[in-house]
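The following exercises are meant to be worked with the coordinates open, and each is followed by a solution that proceeds step by step.

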Amino acid sequence: MAETGPPVLDEEPIQKSGLEKVEEGSPKAPVEIKLSSEAPPKKQRRAKLKAKDSSDKAATQLLTESQITALENAFKAGDVEDRGVVDAGQVQFIVQQVLGDVLTVSEVRTLVQKGEAVGAATGVINLQEFKDLLIDLLHTTTTRWGALQTSLDGYVGFDTVLEQQRKKFLKKGFEFNLMVVGESGLGKSTLVNTLFKSKVSRTSCTNEPPQKIPKTVEINTVTHVIEEKNVRLRLSITDTPGFGDQVNNENCWLPIYDQINKQFDKYLTEERSVVRRKQIPDSRIHCCLYFIAPTGHGLKALDISCMKKLHDVVNIIPVIAKADTMTIEERDAFKDRIREDIAEAEIKVYPSSLLPEDEDVLQANAPIRKHLPLAVVGSDRALTINNKSILGRQTKWGFVEVENPNHCEFSFLRDMLLRTHMQDLKDTTHEEHYENYRRQKLSEEGNP
Ligand code: GDP
Ligand code: MG
């Protein structure tokens, strides 16, 4: 992914020279040295002065006056009792006032840690410490400058960066890795083929005799390159045949969990290698469709234990398989029951409600949250009705149109996966799941 560094705002040489003048006469530095009873050796003293100089310089050079005013105002708003300080624990909320509610979980975590470190001795933070903290945050931790916007006097033209990025992305192509998990015969392969309107799954449903069930859970990945209007997508589908088919299914989540982590590890190794590729091939699983059998009886113990093992490493979207086998009333009751089970077992499903979301994202995610788990029907056979080719299933009683929202929620799932949330699934994988893996792995190795 193309990461853009923090924007360079207002390069004003005047400000720079003005600052140097102020510093020459700064009364603070000598006082600090006098206070210490044992004067540090000359070399150390100089180093200390130098360090202070550079941090002060950073403070004023890198932010414009209006940005500093915004920080000061937010600080004052947080300092309700006008004490000149705020509680260290409060910093996170003041920062969100300035930047908007857009920091990621890991950014907030870093901020809280830094805030606690600064206020470690006294439990409070003064204005200068707050400014330093924020400047540090803006330049090292986050790229979300939110409300600290500098207004322009005329058109500059950097809005074309979107077009530049589009071209670059088009050239690179996109990668999306989907995994399907669920007992065999639930229609996983059929659904994936329906999603991409092609036989992308290795085993497609035909009238072939059922395959021999593997003795353990297997992990099969097939990769395709598909293209639509010049957009190339490298699509990988990971199937997990054998899941839930054994007499004892206690550990059948393990090979899946290992596979997901193996991909994280591959990415991390590549990321850390001295000579690394410009674009690291991304084989991390971006989304796991978890198929629930249409039993009408809620989640099975196997479903609960497996989803609970996987929810920290992958985005899980639960779906009710073969929804055409239930009546509308049965389906709605079943959905309610599953939702209760998911809440009770504290299973995290995508989109996670733990992350801060702004208004747009909240709006985009609300219907998904309302509909989950999605009741789907798969078919890779098109029938021609009134000269129109329609994907569906012919039953003795009628025709189930897979893409008709009145019949099932397949189109909802497809839109979410391919049209509205593909990038977010990838981002969440990178920013949350991979980041967790990375943090854990590096700290295990003894890195700070
Ligand atoms: P997998 O083992 O989970 O990959 O399942 P398959 O996709 O191979 O499908 C198993 C059987 O279920 C096939 O005979 C399919 O025709 C049938 N099937 C697949 N999807 C559906 C569905 O949505 N409804 C119904 N009634 N049958 C389905
Ligand atoms: Mg299959």
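**Exercise 1.** Which residue in β10 is the bridge partner of I385?

Solution. The model is a predicted one, in which local features need pLDDT of at least 70, side-chain atom pairs count only at pLDDT 80 or more, and totals for chains, interfaces and linings use all residues. Residues are numbered from 1 along each chain as its sequence is written, chains are lettered from A and ligands numbered from 1 in the order in which they are written, and side-chain values use heavy atoms, with hydrogens and water left out.

Begin with the two strands, where a strand is a DSSP run of E with at least two residues: β9 (residues 382-385) and β10 (residues 388-394) run antiparallel and are joined by 4 bridges. Within this pair, I385 has K388 as its bridge partner. The hairpin leaves 2 residues between the strands, and N386 adopts a positive phi near 50° there.

**Exercise 2.** Determine the strand order of the open sheet of 6 strands, and identify its edges.

Solution. Two strands pair if DSSP finds at least two bridges between them, and the resulting order is β4-β5-β3-β6-β7-β8, with mixed pairing. The edge strands, each of which pairs on one side only, are β4 (220-228) and β8 (374-375). Inside the sheet, β3 (residues 174-181) runs parallel to β5 (residues 231-239), with 7 bridges between them, and V180 stands opposite D239 in β5.

**Exercise 3.** Describe the surroundings of ligand 1 and its polar contacts (pairs of N or O atoms within 3.5 Å).

Solution. Start from the shell, counting residues with a heavy atom within 4 Å of the ligand: there are 14, and the closest are G185, K188, S189, T190 and D324. Next, divide these residues by type, which gives 3 nonpolar, 6 polar and 5 charged. Helix α9 (residues 188-195) supplies the largest share, 3 residues.

Then turn to individual atoms: a backbone N or O atom of K188 is 2.8 Å from an oxygen atom of ligand 1, while a side-chain N or O atom of S189 lies 2.7 Å from an oxygen atom of the ligand. A nitrogen atom of ligand 1 is 2.8 Å from a polar side-chain atom of D324. Finally, of the 570 Å² of accessible area that ligand 1 has on its own (Shrake-Rupley method, 1.4 Å probe), the protein covers 75%.

**Exercise 4.** Why does C252 form no bond with C306?

Solution. A disulfide requires two cysteine sulfur atoms within 2.5 Å, and the structure holds 0 disulfides. The sulfur of C306 is the closest cysteine sulfur to that of C252, but the distance is 6.1 Å, too far for a bond.

How values were computed:
Polar contact = N/O pair within 3.5 Å; in protein donor to acceptor, adjacent residues only side chain to side chain. Nonpolar A, V, L, I, M, F, W, Y, C, P; charged D, E, K, R; others polar.
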